[in-house]
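Subject: Handing over the structure

Hi,

Here is the structure I promised to pass on to you. Have a look at it first, and then read on for what was found in it.

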Amino acid sequence: MIEINPHFSEFEDYRRAIRDLCAQFPSKYWQEIEERAGYPEAFVKALAEAGWLGALIPEQYGGGGLTVSAAAVILEEINRSGANSGACHAQMYIMGALLRHGSDAQKEKYLPAIASGQLRLQSFAVTEPTTGTDTTKTKTFAARKRDRYIVNGQKTWISRMQHSDLMLLLARTTPLAEVKKKTEGLSIFIVDFRNSTHKGLTLRPIRNMVNHETNEVFFDNFEIPAENLIGDEGAGFRYILDGMNAERILIAAECIGDGYWFIDKARAYANERIVFDRPIGKNQGIQFPIAQAYARVRAADLMRYEAARLFDNHQPCGAEANMAKMLAAEASWEAANVCLQTHGGFGFAVEFDVERKFRETRLYQVAPISTNLILSYIAEHVLGMPRSF
Ligand SMILES: Cc1cc2nc3c(=O)[nH]c(=O)nc-3n(C[C@H](O)[C@H](O)[C@H](O)COP(=O)(O)OP(=O)(O)OC[C@H]3O[C@@H](n4cnc5c(N)ncnc54)[C@H](O)[C@@H]3O)c2cc1C
């Protein structure tokens, strides 16, 4: 099939290498994993050992030292190949907190091992059942007691915990009632599951619409060594905000990868499926929705490249990163819907992978950030309208 991504020649070596690696994990692999509600261990291991998940770690720590523009291509091509970055993307997008705000000792301790694939940093615990998107109301509390913090509280939707060695945890260290600004008094910790007895930590897996390992987590006097605090106590919310633009751009790239996968799948099927003695793709009722979805993926991709360009040039990119993520998530969802419709009944058959990818790409409009929150960011910060919450 002809390549429909005009950006294919950018970072072409990376794109080809990722496609080759993903080809070792064909659709049967993903179907089998989903059937047993498993985790794609071998796939993630192969990516990590080849250094792809350490792409954003500086070279001095053994990482790839890539820009966000380049790193985003890795996730895009994973999804374009029919795989799901959701099993491993966090390692790229949560790395920033440790990179930018971790101490030299923490970076020396963790980054080289993460870069080489020996250590997995795949889990980030922010969301809570009673606070939802209103992160400053975080209730999980970490109280300092000599050389430890004692954590109590509950998190929900915490992904990949069972397949990660490390987790970043956001907790309150000063009660909300005692801070001047609600964004103060939150801190980030590295939880090292290898050294932890897991005493005071309980997991309850959440069965969900996609085959995604995610959990409810209960902390009951769970201890973290004080040296595992990242940066300054109380500055954690700022550290999270710092990493959000990169996260949005990386997620947008995943959606773009999905979008192209759906378009490829739809056009191939439209060309080969014969009904009424001719390919269904001869009907404009089939062609036009595919063409329209393609145009929307291309448009969203331009915003993604613009956001990544600004980010890599250290220029403000909050608006572009947010818009890229929203537009790309909407475009991939439209492409998914069109692809399913083009396949008719076969779109629902597991062996075509369309229904799996359809479910997977729907998630991007909710997590890691839901569309309404992006719209409210644009309304307030770009258009100068009043804050709604
Ligand atoms: C499969 C999966 C994996 C996840 N993995 C992780 C993870 O690893 N770590 C983690 O910390 N979290 C994770 N999450 C949580 C995810 O980030 C949240 O679900 C998401 O941020 C939305 O929060 P919420 O579900 O609490 O929705 P709520 O905050 O309860 O919001 C519900 C709806 O109301 C809308 N809404 C809320 N307030 C407003 C407002 N002021 N104006 C307009 N609309 C509003 C929201 O946009 C949303 O549509 C995951 C979620 C899922 C489903």
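Before we start, one definition: helices (H or I, at least four residues) and strands (E, at least two) are DSSP runs, numbered from the N terminus. This is a predicted model, in which local features need pLDDT of at least 70 and side-chain atom pairs count only at pLDDT 80 or more, while totals for chains, interfaces and linings use all residues. Residues are numbered from 1 along each chain as its sequence is written, and side-chain values use heavy atoms, with hydrogens and water left out.

Let's begin with the overall layout. The domain assignment, which is automatic or from a database, gives domain 1 (12-116), domain 2 (121-234) and domain 3 (242-382). The C-alpha centres of domain 2 and domain 3 are 32 Å apart.

Where does the ligand lie? Domain 2 and domain 3 both give residues to the shell around the ligand, so it lies between them. A residue is near the ligand if one of its heavy atoms lies within 4 Å of it. There are 17 residues around the ligand, and Thr127, Thr133, Trp157, Ser159 and Ser370 come nearest. Strand β3 (148-159) and helix α12 (371-382) are the elements that give two or more residues to this shell, and β3 gives the most, with 3 residues. By type, the shell has 10 nonpolar residues, 7 polar ones and no charged ones. Here Ala, Val, Leu, Ile, Met, Phe, Trp, Tyr, Cys and Pro count as nonpolar, Asp, Glu, Lys and Arg as charged, and the others, Gly among them, as polar.

Now for some distances at the ligand. An oxygen atom of the ligand is 2.3 Å from a side-chain N or O atom of Thr133. A nitrogen atom of the ligand lies 2.8 Å from a polar backbone atom of Phe124, and a backbone N or O atom of Trp157 is 2.9 Å from a nitrogen atom of the ligand. The protein covers 65% of the 980 Å² of accessible area that the ligand has on its own (Shrake-Rupley method, 1.4 Å probe).

Next, a helix to look for. Is α11 (residues 354-362) largely enclosed or largely open? In α11, 8 of the 9 residues are buried (under 20% relative accessible area, 1.4 Å probe, protein chains only), so this helix is largely enclosed by the rest of the structure. Among the buried residues are Arg356, Phe358 and Glu360. The buried residues of α11 pack against α2 (27-35), α4 (68-80), α8 (236-272) and α10 (318-343). In α2, the buried residues are Tyr29, Trp30, Gln31 and Ile33, and their cover includes α3 (41-49) and α11. Just after α2, Ala37 has a positive phi of about 50 degrees.

Two single residues are also worth a look. His101 sits in helix α6 (residues 95-101) and counts as buried, at 16% relative accessibility. Its side chain makes a polar contact of 2.8 Å with that of Asp242 (a pair of N or O atoms within 3.5 Å; within protein, one must be able to donate a hydrogen and the other to accept it, and residues adjacent in sequence count only if both atoms are side-chain atoms). Asn215, in strand β7 (residues 214-225), is buried at 0% relative accessibility. Beyond four places in sequence, Asn215 is in contact (heavy atoms within 4.5 Å) with residues including Trp157, Met161 and Arg204.

Happy exploring!

Technical notes
Buried < 20%, exposed > 50% of the residue type's maximum accessible area, 1.4 Å probe, protein only.
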